[in-house]
Amino acid sequence: MSKTALRLRTAVALAAVAAAALTGCSTTDSGSETTADGLTKVTLQLQWFKQGQFAGYLAAVDQGFYKEQGLSVEILDGGTDIVPQTVLAQGQADYAVAWVPKALASREAGAGITEIAQVFQKSGTKQVSFKSENIAGPAALRGKTVGNWGYGNEFELFAGMTEAGIDPAKDVKLVQQQFDMNAFLAKDIAAAQAMSYNEYAQLLETKDPATGKLYTADDFNTIDWNDEGVAMLQDALWANTEKLKDSKYQDQTVKFLVASLKGWAFCRDNLDKCRDITVAAGATLGAGHQQWQINEVNKLIWPSPAGIGAIDKTAWDRTVSIAKNTKNAEGATVLTKDPDADAYSTEYVTKALDQLKAAGVDVTGASYQPAQVTPTEGGK
């Protein structure tokens, strides 16, 4: 069994164990804990450490947007050993950020979670190669050494190869990629997985030993899964399904979304300020990297014609279809059946968008233009 398949099966097994542990779990009343000044305490579980990927939530804390809604929000770091949707389902957080296919796999295993807003409208995943490899599209991956992280991150890659007529089990050499670009830079991997806002930036922040200058985009080919029609929905906000039966939690959810989405609108319009907020929040990589990251994340969000956080059913259905029908090298799929009707709800984000529009907040970003961010060595 490949390491990728083993990790996927392990992740699914752990999700099932965690979901089973939910039976009989009680959740606290959403309004039971307040601060000394009367704010309702709320926790948000991230899927990774604090960085520009989550700048909108950090800005909502820093700028007092949550406080305006009567909330005191604590943002919890994620990591390799933290499954945000499981933390949410177990009642250890009030809300969570998670990729849609991974969260749906946990839901299928029994985790009581519901998507309440789709923040990222596009996928940030790329497959990157040096120009010398001549990999201009998925079909050119045939016979190449192809890296992927596993953990359910690989299914856009597998869907893209399958669409191109490549059998991922036979026609490429799959390599378990670490969460860095070291093997790629060492030429041990011909085509590596990278997020547009993180690992790809790290390449552009690295010196080419042959020239002594930073690599540039001209040194690489990138496959963008949005362009290939196999993009899956990524960063979404999730709530606890059982708690959504409680009117207080419902009201709190709308307030949480109002402030969170306002935070993202703020970062669209205040890139430098959100860079500083993110660095101050404890991001491990430098200010230059965070500025690149927030700018690239903004590209995944804006413009949002239906309003930031709106759930596009076409994109949802595509994600579910890929999750059900795309097999990895061991024949495993993310999902075995369609999600049930409670897997997502548009009710709360619709109410939040109505409030934001009434307050004069630009929720579509129709005129949005990304900034030009110049990479700096080491992302400093």
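A salt bridge here is a side-chain nitrogen of Lys or Arg within 4 Å of a carboxyl oxygen of Asp or Glu. This is a predicted model, in which local features need pLDDT (the predictor's confidence in each residue, from 0 to 100) of at least 70, side-chain atom pairs count only at pLDDT 80 or more, and totals for chains, interfaces and linings use all residues. Residues are numbered from 1 along each chain as its sequence is written, and side-chain values use heavy atoms, with hydrogens and water left out.

**View 1. Lys-144 and Glu-133 form a salt bridge.** Their closest N and O atoms are 3.0 Å apart. Both residues sit in the loop between strand E5 (125–130) and strand E6 (145–148), eleven residues apart. Strands (E, at least two residues) and helices (H or I, at least four) are DSSP runs, numbered from the N terminus. Glu-133 is partly exposed, at a relative accessible area of 25%; buried means under 20%, exposed over 50%, and partly exposed in between (1.4 Å probe, protein chains only).

**View 2. Lys-207 meets Glu-377 across 170 residues of sequence.** This salt bridge spans 3.8 Å, N to O. Lys-207 belongs to the loop between helix H8 (199–204) and strand E9 (220–224), while Glu-377 lies in the segment after helix H13 (347–358). Lys-207 is partly exposed at 42%, and Glu-377 is partly exposed at 45%.

**View 3. Helix H10 holds the salt bridge of Arg-275 with Asp-272.** The two are three residues apart in H10 (residues 271–280), so about one helical turn separates them. Arg-275 is buried at 17%, whereas Asp-272 is partly exposed at 42%. Take a look, too, at Arg-268, Asp-269 and Asp-362, joined into one network by salt bridges that share partners.

**View 4. Five strands make an open sheet in the order E2-E1-E3-E10-E4.** Its pairing is mixed, and two strands pair if DSSP finds at least two bridges between them. At the edges are E2 (71–76) and E4 (113–118), each pairing on one side only. E4 runs antiparallel to E10 (residues 235–240) over five bridges, and Gln-118 stands opposite Ala-236 in E10.

**View 5. Tyr-57 is among the residues that touch the most other members of the largest nonpolar core.** Such a core is a set of buried Ala, Val, Leu, Ile, Met, Phe, Trp, Tyr and Cys residues joined through side-chain atoms within 4.5 Å. This one has 70 residues, and helix H9 (residues 247–269) gives the largest share, eleven.
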